[in-house]
There are 2 protein chains.
Amino acid sequence: MANIQQVAQKAGVSVATVSRVINHAESVAPKTRLKVENAIKVLNYEPSMLGRNLRNSESRLLIVLIPSISNPFYTEVINGIQNTAIANNYNILLGETDSNPQRENIYFNMIKNKLADGVISMDPAVNMKKLNDLAEKHPVILCSEYVEGGSIPYVTIDNELAAYHAVKHLIKLGNKKIALINSDEKFLYARQRRRGYERALREFDLPIREEMIYHTKQLDFQDGVQAMRMLLQLNQKPSAVFAVSDTLAIGALKEINASGLHVPDDMAIVGFDKISFSNMTNPTLTTVSQPMYKMGCTAANMLINRISGNNVESILLDHELVIRESTMG
Amino acid sequence: MANIQQVAQKAGVSVATVSRVINHAESVAPKTRLKVENAIKVLNYEPSMLGRNLRNSESRLLIVLIPSISNPFYTEVINGIQNTAIANNYNILLGETDSNPQRENIYFNMIKNKLADGVISMDPAVNMKKLNDLAEKHPVILCSEYVEGGSIPYVTIDNELAAYHAVKHLIKLGNKKIALINSDEKFLYARQRRRGYERALREFDLPIREEMIYHTKQLDFQDGVQAMRMLLQLNQKPSAVFAVSDTLAIGALKEINASGLHVPDDMAIVGFDKISFSNMTNPTLTTVSQPMYKMGCTAANMLINRISGNNVESILLDHELVIRESTMG
DNA sequence: ATGAAAGCGCTAACAT
DNA sequence: ATGTTAGCGCTTTCAT
């Protein structure tokens, strides 16, 4: 692999001139430029990012922290991040943490090491103390999951309002006993969605009953199956379920079907995220749509702005309740 | 951010000694080491990967090329790659090409630029000419999709045999008219799976009929829906379907359900990949299981071996037919 | 318009 | 055991 020296030699110019040509500087005589471009072609030269980055102390690499690549919610957001990044001449490094602190450290170090220019964290289980420390010296953006009153800019939706809308929809349908399949309430979004759930119940004078609220460990299908299995064993069975993730809702749906009950007649169900699979279930799933792609674009733009030294403000995006068969009796 | 110079100065030693300490060289006196470690802590020093990589001309970054992150098949493979990479002190850069040649170029250039040490391609639509050129000078491994008789090492399964097993299973169940939902046959795996399909039919003296074979543009759910819609309009409807991807099969299943037919009584169905969704459908999906995780680990190991200068052989992994409700009449 | 040279942060060969 | 120094490939300031 040729380097800039060899190109310079072959073209009969200095390395500075070659550098000017590859960086499209104006002040190069057309004839010189031609000579250089020729040498580049002949030698099949590609500038080394390593040398360039070291010199410029930037890598044009963005790290995206996610707990698991297997959740379709993240993949859609990532699409948005990726497209925006590429449009701005950045690339992304996907950091899957599995909520494992050691993995997390690897990626944090890449930032400190100047191997990446900034980070977008979508990991609800991220170590916030470390992330805050990092954010003191490096560009950091939170996406979807965030910290109330923290100093790191975020982009997210109004989780409480979204949950409120979902549950209100179920109430309007005549449901009095509505279960909540929530994830671990150590996560902010889980606490917020629960608040929205309770607010809707309270507004319509419905009782809030602890046994109607099930907490899952994770967001896998299997967790939804498990949750529904418990809820179906209740003396006072719910007539509707709100799950804080489509994956959970789909697992719940599976279990309801397996138990011989019918959705939505015996049990209505609402999910959250509008992952593409939510339209493939039988019946199709009513769900709260997050603007995943847009969220990704927004996060990437915020980060790139931050890297460029600008100040950025946190942003709340709109959600939308998508009514489908699982609540159409 | 402190650099190695400042650490050396603070510790009262040379930069070489600091370098030795951070690289765990043996030949450092315990007392000196302590001084250096102290200085590192005080200055909050992190070695710059940029400097180190430039010097060593390696990045310890592996590029993984996939057409789309949204297909769960890839995410499982990636998990395997990622874990193996990290265990060997590498990181992965996920390159989503959207089968777009320009995107592809970005990642190829990163290799040429020494910003990444090697590439695993899982993109069936990859530009093989370019990839071959790259492979002359850089470590490249093909995963899942490959080239017959090419010079690039690959890891995959026996697609023809797998398809043969799937279709034979449907025949044994008594099906005489079996449709094939295939993807574009410009892809090798599509041609191979078709061959397996035909081989099974021929073996049992069943006719191969063109109208029973539908080709989709992509592998999305919606493509499966579309395919099934066409097949259900046939004069001679099939009594079973083999789809070359679970996503297609799930779309097909959706359409069958929507049309009022019953799976598996009216129509049996077999998918391919065993993505996690395939167990959440109603009925659950019979499918050919690829060892996705293992395939990822294998690919990563092959690539790392290649980077280390070793020769590697191509590998065929085993598949398995997972029989579930969609073929249990 | 072009060139010479310094220097980004690090490692390793060589010297002591 | 430790220090000195060249150099990885590039960009950019300062001369000319």
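Domain bounds, as used here, come from an automatic or database domain assignment. The structure to which they apply is a predicted model. On that basis chain A is divided into three parts: domain 1 covers 4-47, domain 2 joins 61-157 with 292-317, and domain 3 joins 159-290 with 322-327.

Domain 2 and domain 3 of chain A can be considered as a pair. Their C-alpha centres lie 29 Å apart, and 10 residues of domain 2 of chain A are in contact with 12 residues of domain 3 of chain A. On the side of domain 2 that touches domain 3, two helices of chain A, α5 (72-87) and α12 (292-307), each supply at least two residues. By class, this side of domain 2 of chain A has seven nonpolar residues, one polar residue and two charged residues.

The next subject is the relation between the two protein chains. A turn of 180° with a shift of 0.0 Å along the axis lays chain A on chain B with an RMSD of 0.1 Å. The two copies are thus related as by a two-fold rotation axis. Within chain A, Leu93(A) has the C-alpha nearest that axis, at 2.5 Å from it. The same surface serves both copies, since 100% of the contact residues of chain A recur in chain B.

The DNA strands may now be taken in turn. DNA strand C is surrounded by 26 residues, and the closest are Thr32(A), Ile4(B), Ser19(B), Ser48(B) and Gly51(B). Both chains take part in the surface near this strand: α2 (15-22) and α4 (49-56) of chain A, together with α2 (15-22) and α4 (49-56) of chain B, each supply at least two of its residues. The largest share, five residues, comes from α4(B). In composition, the surface near DNA strand C divides into 12 nonpolar, 11 polar and three charged residues.

DNA strand D is surrounded by 27 residues, of which the closest are Ile4(A), Ala16(A), Gly51(A), Ala16(B) and Ala29(B). The elements that give two or more residues to the surface near DNA strand D are α2 and α4 of chain A together with α2 and α4 of chain B. The residues of this surface near DNA strand D divide into 12 nonpolar, 11 polar and four charged.

Taken together, α2 and α4 of both chains contribute to the surface near DNA strand C and to the surface near DNA strand D, while the two chains themselves are related as by a two-fold rotation axis.

Terms used. Residues numbered from 1 in each chain as written. Chains lettered and ligands numbered in written order. Predicted model: local features only at pLDDT ≥ 70, side-chain atom pairs only at ≥ 80, totals over all residues. Near = placed C-beta within 6 Å. Helix = DSSP H or I, 4+ residues; strand = E, 2+ residues; numbered from the N terminus. Nonpolar A, V, L, I, M, F, W, Y, C, P; charged D, E, K, R; others polar. Least-squares fit on C-alpha atoms with pLDDT ≥ 70 in both. Contact = placed C-beta atoms within 7 Å.
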